[in-house]
Amino acid sequence: MSGPIIEVEGLAKEYRRPVRVEGPLGGLRSLLSPRHVTKRAVDGVSFALAEGELVGYLGPNGAGKSTTIKMLTGILRPTAGLVRVAGLVPWRERERHARNIGVVFGQRTQLWWDLPLRDSLELIGRLYGVERARHRATTARFTELLGLGPFLDTPVRQLSLGQRMRGDLAAAMLPEPRILFLDEPTIGLDVVAKERIRDFIATRNRRDGTTIVLTTHDLDDVERLCRRIVLIDDGRVLYDGDVARLKERYAPHRRLVVQLADGAGWHGVRVPGVARDDEADDAPGQVTLRFDPAGTRVADVITAVLARHEVTDLSLVEPGLEGVVHRIYAARGAA
Amino acid sequence: MSAAHPIPRHRAYRLLVTAAFRAEFQYGGNLLLTLAGGVVAQSVGLVFLWTVTTRFGDLGGWPMAEIAFLYGMRLTSHGLLVVPTSQLHSLDLAIRTGEFDRYLVRPAGPLMQLLCRRVHLPTLGDLATGIVVLSLAAHHVGFEPTPTALLYLGLALVGGALVEGACQLAVASLSFRMLSNLALRGLIDDIMNTFGGYPLKAFPDTARLALTYLLPVAFVAYLPAGVLLDRADGLQITPWLAYGAPLAGPLLYAAAYLLWRAQLRHYSSSGT
Ligand SMILES: Nc1ncnc2c1ncn2[C@@H]1O[C@H](COP(=O)(O)OP(=O)(O)OP(=O)(O)O)[C@@H](O)[C@H]1O
Ligand SMILES: [Mg+2]
């Protein structure tokens with residue numbers, strides 16, 4: 001198979017919300033003479049994903065991430081534009097499409113609320129027509145990987161958020177879909193649970209070659225999982241490409257944090273392009289320098305520092321995605 | 001490659017129904033108790049019927065036993081309908097909470113999944129009461145269980161269920177576009193419940209016509225009951241329409257399903 005597994009072109013979605021007419025049979029009257037307010041939530045989004053990619057789909061609240069995911073999964077019909085996922089138009093060929101994809105919405109569950117988790121997994125296997133032996137093997141493997149064992153027999157409504165999310169992830173991946181859509185899968189989880197889920201996601205992508213689209217507000221998820229991100233705002237693509245390149249573009253500076261020996265003073269360094277970072281929150285005896293690695297070699301900076309100071313510790317800080325994204329959102333607000 | 005394969009619709013249905021029953025009994029649901037509850041609920045209607053017929057003797061020329069037969073037919077049809085489709089009432093809820101999203105990303109029909117989201121056991125009481133009333137009344141009116149009559153009765157019962165179901169499905173479909181249509185749904189259910197089990201001949205002409213052509217209540221039980229009770233001549237309608245009444249159900253249901261499919265495209269999920 002060649003060519004992209006997900007193709008999105010000029011995709012748009014408008015929500016038309018009827019304004020309710022008050023009074024008797026108001027519902028009927030709003031149907032017969034409808035008045036609407038329109039909101040263009042997604043406004044001409046285009047991108048393509050190759051099979052096996054793991055992409056972070058990012059943007060501030062209300063950017064249109066979930067709306068895009070809903071069009072990719074076949075829940076919503078686009079107002080305009082093209083979507084093709086594994087060769088199918090999701091909303092038109094819904095059931096065939098459903099067998100190609102797995103979906104997890106962090107905010108709500110896909111599981112049978114009143115049944116034990118075990119029963120939900122069993123039902124999913126049968127509903128998706130997964131061959132019995134294969135289903136048993138996958139269930140056992142996922143139970144182990146996600147640590148589902150202790151609560152397999154607990155009704156889903158009694159599970160904690162983290163337990164439920166792991167259950168949902170297992171359910172979504174049981175039919176071994178080619179594409180997995182994750183809409184905020186780590187929302188509200190503790191560090192350990194997040195790590196477990198990230199591990200699972202990374203493995204599905206690396207080992208099984210599952211194509212994954214992930215939305216999240218936790219940029220650690222992105223740093224840990226994604227090479228590529230698509231950044232959207234107000235329904236439009238702001239950036240599409242490497243995480244590394246994004247950082248170079250928006251946060252080219254590297255930082256060197258110098259911890260001076262007790263009582264030693266700071267005498268400065270005379271290397272062009274190196275300056276003290278005035279945004280840094282330095283502790284006493286600590287100095288943060290910033291420079292652009294494209295013009296200044298790290299080794300030169302370190303040598304210059306060591307030549308003139310007594311130093312107990314040095315650390316080089318890469319720019320974090322957090323700062324980058326913060327800067328982009330802020331710039332957009334100012335524009 | 002995905003491990004998923006298509007499965008036949010009837011198997012998907014069986015899986016989902018079984019799951020719904022299991023979930024219901026997880027709550028410690030007691031079949032006998034809820035059944036009894038359903039019967040008691042329906043008995044209110046029966047007491048009313050009994051009061052009306054004993055007070056007036058007959059309605060629109062139909063004696064009490066025949067009205068009971070008609071009433072039993074309508075209640076049985078109603079039972080046949082609501083046992084598998086009670087969850088249609090939860091469509092608003094499923095849309096509002098976003099539960100409906102889930103139906104659209106699974107390899108099964110969304111309507112089927114909605115109807116299987118739970119079972120409502122008291123509806124079995126409606127069905128049981130209907131069958132009891134119909135059987136007793138059949139005995140009293142001297143209904144002759146020839147194969148033809150039984151076949152027509154069976155088709156009429158299923159057809160009646162589908163007529164009521166078509167009305168409910170058509171109105172429910174509007175939920176994809178309207179914020180809420182509970183009032184309209186309630187109105188239709190009320191009309192069906194109030195007039196479905198009585199001889200429409202007893203009502204003024206405008207009401208009778210509205211209940212035949214506007215909201216097809218007459219096709220639920222009145223017309224086929226008239227045929228079975230040899231009253232086809234007094235139905236004030238072309239005989240072929242009366243005899244063909246059981247066909248109205250499948251036709252109307254097919255139309256309602258097309259409307260459902262068309263409205264489904266307007267589904268806009270929910271914010272979160
Ligand atoms: N069902 C809906 N009906 C009407 N408007 C909606 C609906 N869903 C979303 N919107 C609106 O569309 C816009 C995009 O919403 P969307 O849920 O896609 O954003 P998002 O990027 O997922 O945000 P978040 O990070 O908060 O989850 C918002 O302005 C939202 O209010
Ligand atoms: Mg969202």
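Leu231(A) stands opposite Tyr239(A), a residue of strand S9(A). That pair belongs to an antiparallel match between S8(A) and S9(A), which runs over 6 bridges. Keep in mind that this is a predicted model. From here we'll look around strand S8(A), then move to another sheet, the ligand, two individual residues and chain A as a whole.

**Strand S8 and its partners**

- Let's start with the strand itself: S8 of chain A covers residues 228–233, and 6 of its 6 residues are buried, so the strand is largely enclosed by the rest of the structure.
- Which residues of S8(A) point which way? Arg228(A), Val230(A) and Ile232(A) point one way, while Ile229(A), Leu231(A) and Asp233(A) point the other way.
- Both of those sets are buried.
- As background, side chains in a regular strand alternate between the two faces of the sheet.
- S9(A), made of residues 236–242, is the antiparallel partner of S8(A).
- The two strands S8(A) and S9(A) form a hairpin, with 2 residues between them.
- In the turn of that hairpin, Asp234(A) has a positive phi of about 50 degrees.
- S8(A) is also joined to strand S3 of chain A (residues 54–58), this time in parallel, by 4 bridges.
- In that parallel match, Gly56(A) stands opposite Ile229(A) of S8(A).
- Generally speaking, strands of a sheet pair through backbone hydrogen bonds, and they do so either parallel or antiparallel.

**An open sheet of four strands**

- Chain A also has an open sheet of 4 strands, and reading across it gives the order S11-S12-S10-S13 with antiparallel pairing.
- Which strands sit at the edges? They are S11 (275–276) and S13 (311–317) of chain A, and each of them pairs on one side only.
- S10(A), residues 254–260, pairs with S13(A) over 6 bridges in the antiparallel sense.
- One example of a match here is Val257(A), whose bridge partner in S13(A) is Ser315(A).

**Around ligand 1**

- Where does ligand 1 lie? You'll find it between chains A and B.
- A shell of 17 residues surrounds ligand 1, and the closest are Gly62(A), Lys65(A), Ser66(A), Thr67(A) and His217(A).
- Sorted by class, that shell has 10 polar, 4 nonpolar and 3 charged residues.
- Strand S2 (36–49) and helix H2 (65–73) of chain A each supply at least two residues of the shell.
- H2(A) gives the most, with 3 residues.
- Now for some distances: an N or O atom in the side chain of Lys65(A) is 2.6 Å from an oxygen atom of ligand 1.
- A backbone N or O atom of Gly62(A) lies 2.8 Å from an oxygen atom of the ligand.
- On the nitrogen side, a polar side-chain atom of Tyr15(A) lies 3.4 Å from a nitrogen atom of ligand 1.
- How much of the ligand does the protein cover? On its own, ligand 1 has 640 Å² of accessible area, and the protein covers 77% of that.

**Two residues up close**

- Val45(A) has its place in strand S2 of chain A.
- Is Val45(A) buried or exposed? With a relative accessibility of 0%, Val45(A) counts as buried.
- Leaving out residues up to four places away in sequence, Val45(A) touches several others, among them Val8(A), Leu11(A), Tyr57(A) and Val237(A).
- Leu169(A) is 124 residues from Val45(A) in sequence, and their C-alpha atoms are 27 Å apart in space.
- Thr68(A), for its part, is found in helix H2 of chain A.
- Thr68(A) has 1% relative accessibility, so this residue counts as buried too.
- The side chain of Thr68(A) makes a polar contact of 3.0 Å with the side chain of Tyr57(A).
- Besides Tyr57(A), Thr68(A) is in contact with Leu11(A) and Val42(A), once neighbours within four places in sequence are set aside.

**Chain A as a whole**

- Chain A has 13 strands and 11 helices.
- Of its 335 residues, 51% count as buried.
- The C-alpha trace of chain A spans about 80 × 55 × 45 Å along its principal axes.
- Among contacts in chain A with a separation of 6 or more, 72% come from residues 24 or more positions apart.
- The accessible surface of chain A is about 15,600 Å², and carbon and sulfur atoms account for 49% of that surface.

How values were computed
Residues are numbered from 1 along each chain as its sequence is written. Chains are lettered from A and ligands numbered from 1 in the order in which they are written. This is a predicted model: local features need pLDDT of at least 70, side-chain atom pairs count only at pLDDT 80 or more; totals for chains, interfaces and linings use all residues. Side-chain values use heavy atoms; hydrogens and water are left out. A residue is near a molecule or strand if one of its heavy atoms lies within 4 Å of it. A polar contact is a pair of N or O atoms within 3.5 Å; within protein, one must be able to donate a hydrogen and the other to accept it, and residues adjacent in sequence count only if both atoms are side-chain atoms. Accessible areas come from the Shrake-Rupley method with a 1.4 Å probe; for residues, only the protein chains shown count as cover. Ala, Val, Leu, Ile, Met, Phe, Trp, Tyr, Cys and Pro count as nonpolar, Asp, Glu, Lys and Arg as charged, and the others, Gly among them, as polar. Buried means under 20% relative accessible area, exposed over 50%, partly exposed in between (1.4 Å probe, protein chains only). Two strands pair if DSSP finds at least two bridges between them. Contact means heavy atoms within 4.5 Å.
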